Amino acid sequence: MEYLLHSRTGMLTLSIKENADVVLIGGGIMSATLGTLLHELQPDWTIRVYERTDYVARESSDAWNNAGTGHAALCELNYSPADKNGNIDIAKAVNINEQFQVSRQFWSYLVDEGIVGEPGTFINQVPHVSYGRGESGRDYIRARREAMVKNPLFKDMEFTDDPATQAEWLPLMFENRGPGQVNGLSRVTSGTDVDFGSLTRQMLANLADNGVEVRTGHEVTDLNRSGNGWRVSVKNTAAAESFDVDAKFVFIGAGGHALPLLQKTGIPEANGYGGFPISGLFLRSSNPELVARHHAKVYGQAATGAPPMSVPHLDTRVISGKEYLMFGPYAGFSPKFLKTGSFLDLPRSVRPGNLPVMLNVAKDNFDLVTYLMSQLASTKKDRFEALGEFTPEVDPSQWELIHAGQRVQVMKKDANGKGMLGFGTETVASADGSVAALLGASPGASTAPSIMLKLFERCFPRQFEGWKPKLEKMVPSFGRTLHEDETLLDELTEYTNRTLQINVD
């Protein structure tokens with residue numbers, strides 16, 4: 001125990017102080033991935049994980065708080081936009097798929113090393129399908145497929161506008177459609193459904209079994225500079241006790257709560273960042289007859305003004321060995337940054353440095369505000385009409401409404417210093433690399449290993465060179481681009497398919 005002078009209040013307080021090499025804030029997929037990588041690279045380091053709720057993977061990583069798509073840009077149309085002339089830009093799709101290939105390799109390593117259990121406990125093969133309605137939708141899906149199959153990453157993508165083939169691929173959606181309808185579908189049969197909650201819990205359980213302290217019901221309340229590292233103030237909510245931990249490196253992987261904690265660090269790199277929270281609802285069915293007639297993740301085209309996370313999709317989910325169907329999301333608005341958060345989260349996040357950014361985003365995204373208002377006003381009838389655009393057979397008694405996780409989209413300065421709404425995932429780190437935070441939403445979970453590899457270069461430059469041989473064992477393609485080396489791509493696809501039990505007859 002020691003007396004500490006608090007940097008903000010100027011008060012002396014009696015504190016229990018502990019020490020750690022690494023503190024990971026948040027018990028989700030990001031902290032689990034980073035903790036597992038660091039433990040494999042530096043088993044001698046002291047790592048501590050603090051989760052504010054009563055169990056890990058409760059927020060965005062929970063299986064029912066995300067779509068579990070295993071984002072590989074196979075079916076998500078917002079990653080391959082068309083310009084006004086109809087030309088398809090696949091650059092973002094290529095980048096995301098390259099990152100997902102890294103995830104597949106890392107997860108295969110986890111299976112091989114016994115760090116996680118059987119692959120079916122967290123990943124299952126579910127075809128990824130893109131769906132375009134009407135002639136314009138069909139033509140876009142066809143043009144997109146033609147552009148994508150030229151890249152080795154997407155060479156197995158199929159296309160059809162034949163009603164009989166569509167009914168064969170997706171019986172629930174197309175068997176009982178009326179004549180004369182025009183639709184286009186593209187499909188990759190090796191797509192996956194990922195239970196990020198199960199994957200997270202398995203990784204954290206392994207860390208706990210190997211000496212890493214994983215504490216639930218522990219909320220990080222403050223972060224202050226301490227020498228070359230950080231003094232992390234932690235509250236044990238069950239025991240109503242507080243203590244401090246001096247850490248050389250801190251990672252803030254707390255989902256929507258990451259922004260408020262990042263702001264507490266006071267690092268200049270955090271200046272200007274804001275958060276725009278979006279909530280979501282899904283329809284879910286466990287009806288065996290429906291589930292048996294749909295085995296795919298089918299992504300449609302976004303409504304005008306809709307954020308990428310609100311693209312409608314009808315999905316097969318595999319949770320704890322049981323299959324479900326899920327449709328949505330229906331977007332909404334809540335000022336909470338977490339499902340278990342506070343209604344004051346958004347107003348408390350406003351700072352002089354980010355207020356101009358937030359106001360500019362509000363001014364330039366009126367279509368998004370209009371879309372969210374329409375979603376908030378939607379009725380039960382409206383929701384089932386949206387489902388009816390995917391399948392003509394809709395019986396409301398076979399579906400239940402569930403609340404998905406909160407997402408906090410990044411608001412930040414653009415290249416010209418104006419405010420912009422960012423979609424995707426972004427890492428913010430201090431200049432000395434002693435603290436880093438992960439902000440944003442999809443495709444974060446699916447690309448977590450790649451995110452952490454980039455973080456290593458930025459935050460651990462002295463160790464990074466010595467880590468490379470071990471990183472190459474965990475991720476055999478480390479440092480290489482698979483779409484530029486088709487032989488390596490084929491070898492690693494065969495390896496990860498076999499290890500993760502994908503495309504195995």
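How many residues does helix α13 have, and how far does α13 reach from its first C-alpha to its last? Helix α13, residues 448-459, has 12 residues and reaches 16 Å, close to the 16 Å expected at 1.5 Å a residue; the expected span is 1.5 Å times one less than the number of residues. Helices here are DSSP runs of H or I with at least four residues, strands are runs of E with at least two, and both are numbered from the N terminus.

Please note that this is a predicted model, in which local features need pLDDT of at least 70, side-chain atom pairs count only at pLDDT 80 or more, and totals for chains, interfaces and linings use all residues. Residues are numbered from 1 along each chain as its sequence is written, and side-chain values use heavy atoms, with hydrogens and water left out.

Let us turn to the surroundings of α13. Nine of its 12 residues are buried (under 20% relative accessible area, against over 50% for exposed and in between for partly exposed, with a 1.4 Å probe and protein chains only). Among them are P449, I451 and F456. The buried residues of α13 pack against several elements, including α1 (29-41), α2 (91-112) and α14 (461-474).

Helix α2 also packs with α15 (residues 486-500), at an angle of about 45° and with the axes 9 Å apart. That makes α2 oblique to α15, since angles under 35 degrees count as roughly parallel, over 145 as roughly antiparallel, 65 to 115 as roughly perpendicular and the rest as oblique. Axes are lines fitted to C-alpha atoms, for helices over the stretch in contact, and angles run from 0 to 180 degrees between N-to-C directions.

How values were computed:
Contact means heavy atoms within 4.5 Å.
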